[in-house]
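Student: I am new to this structure and would be grateful for a close look at one part of it, namely its surface and the charged side chains. Please take me through it step by step.

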Amino acid sequence: MEVEGMEEDGPSSQSELPQSEDLKSEQLESQQPESSAPVENVYVDKKTVDKLTEGLLSHYLPDLQNSKRALQELTQNQLILLDTLDQEVTKFRECNTLVDLNSLFTEAKVYHNKLVNIRKEMIMLHEKTTKLKKRALKLQQQKQKEALEKEQQREKEQERERQLIAKPAKRT
């Protein structure tokens with residue numbers, strides 16, 4: 001059918017599609033023989049419009065639905081954050097009335113200094129353990145080297161003793 005073949009090439013708009021679109025497409029087919037001549041006015045039937053609409057929707061709808069879900073999730077998270085923020089504001093207001101903030105900040109500063117000191121000690125201990133591990137590795141390698149040298153020396157001694165042992169002469 002020539003109208004279907006031209007549906008992607010020609011312009012189409014929904015305003016050109018009256019209710020008697022099937023009649024017009026049949027008239028168009030009957031007026032033009034099946035040839036490769038260009039068609040000036042192209043009428044698209046409802047099935048084609050439905051298929052194009054379905055294709056367009058199937059192409060964009062999943063992304064739009066994903067975006068909608070993401071926006072709903074963000075909105076929900078935003079509401080949760082607002083509730084949490086409201087609760088925190090309430091806690092701070094209660095804290096202001098119950099406890100002197102200056103003493104809390106002083107105490108926080110003391111604990112912060114303690115944490116800084118602990119961190120420095122941990123860094124120092126880490127450096128010491130790293131040095132000790134390196135030293136232990138060197139000592140282990142040195143011991144292995146000495147053991148290998150001793151083994152080689154012992155083998156040399158055994159070979160020397162074998163060569164020094166008198167061999168009985170063969171009787172003929």
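Tutor: Accessible area is here obtained by the Shrake-Rupley method with a 1.4 Å probe, and for residues only the protein chains shown count as cover. By that method, the chain exposes about 16,500 Å², and carbon and sulfur atoms supply 55% of this area. The model is a predicted one. Of the 172 residues in the chain, 6% are buried. The chain has four helices and zero strands, and from the N terminus on its elements run α-α-α-α.

Let us begin with the nonpolar part of the surface. Leu56, Leu57, Tyr60, Leu61 and Leu64 form a nonpolar patch there, and together they have about 500 Å² of accessible area. One of these residues, Leu56, lies in helix 3, which covers residues 46-98. Leu56 counts as exposed because its relative accessibility is 51% and the cut-off for that class is over 50%.

The charged side chains come next. Side chains of opposite charge can pair when their charged atoms come close. The structure holds five salt bridges, and three of them may be followed here, beginning with one in helix 3. The side chains of Asp50 and Lys46 meet in a salt bridge, at 3.9 Å from N to O. This distance qualifies because a salt bridge requires the nitrogen to be within 4 Å of a carboxyl oxygen. Asp50 and Lys46 both lie in helix 3, four residues apart, which is about one turn of the helix. Lys46 counts as exposed, with a relative accessibility of 52%, whereas Asp50 counts as partly exposed at 38%.

Helix 4, residues 101-164, holds Arg154 and Glu151, which are three residues apart, about one turn of the helix. Their side chains meet in a salt bridge of 2.6 Å, N to O. Arg154 is partly exposed, with a relative accessible area of 40%, and Glu151 also counts as partly exposed, at 31%. A further salt bridge joins Arg160 and Glu157, whose closest N and O atoms are 3.6 Å apart. Because they are three residues apart in helix 4, Arg160 and Glu157 are separated by about one helical turn. Arg160 counts as partly exposed at 49% relative accessibility, and Glu157 is placed in that class at 32%.

Some charged residues are without such a partner. Lys128, Lys131, Lys134 and Lys138 gather in a patch of positive charge on the surface. Residues of a patch have no salt bridge, because that is a condition for belonging to one. Among them, Lys134 is found in helix 4. Lys134 is exposed, since its relative accessible area is 55%.

A last case lies away from the exposed surface. Asp45 is located in the loop between helix 2 (21-31) and helix 3. Asp45 is buried yet has no salt bridge. The nearest side chain of opposite charge is that of Lys47, 5.9 Å away; a salt bridge is therefore not counted for this pair, as the cut-off is within 4 Å. The side chain of Asp45 does, however, make a polar contact of 2.4 Å with the side chain of Thr48.

To draw the picture together, helix 3 carries Leu56 of the nonpolar patch and the pair of Asp50 and Lys46. Helix 4 carries the pair of Arg154 and Glu151, the pair of Arg160 and Glu157, and Lys134 of the positive patch.

Technical notes. Residues numbered from 1 in each chain as written. Predicted model: local features only at pLDDT ≥ 70, side-chain atom pairs only at ≥ 80, totals over all residues. Heavy atoms only, no water. Patch = residues over 30% accessible without salt bridge, like charges linked within 9 Å, V, L, I, M, F, W, Y side chains within 5 Å. Helix = DSSP H or I, 4+ residues; strand = E, 2+ residues; numbered from the N terminus. Buried < 20%, exposed > 50% of the residue type's maximum accessible area, 1.4 Å probe, protein only. Lys, Arg positive; Asp, Glu negative; His and termini not counted. Polar contact = N/O pair within 3.5 Å; in protein donor to acceptor, adjacent residues only side chain to side chain. Charge placed at Lys NZ, Arg CZ, Asp CG, Glu CD.
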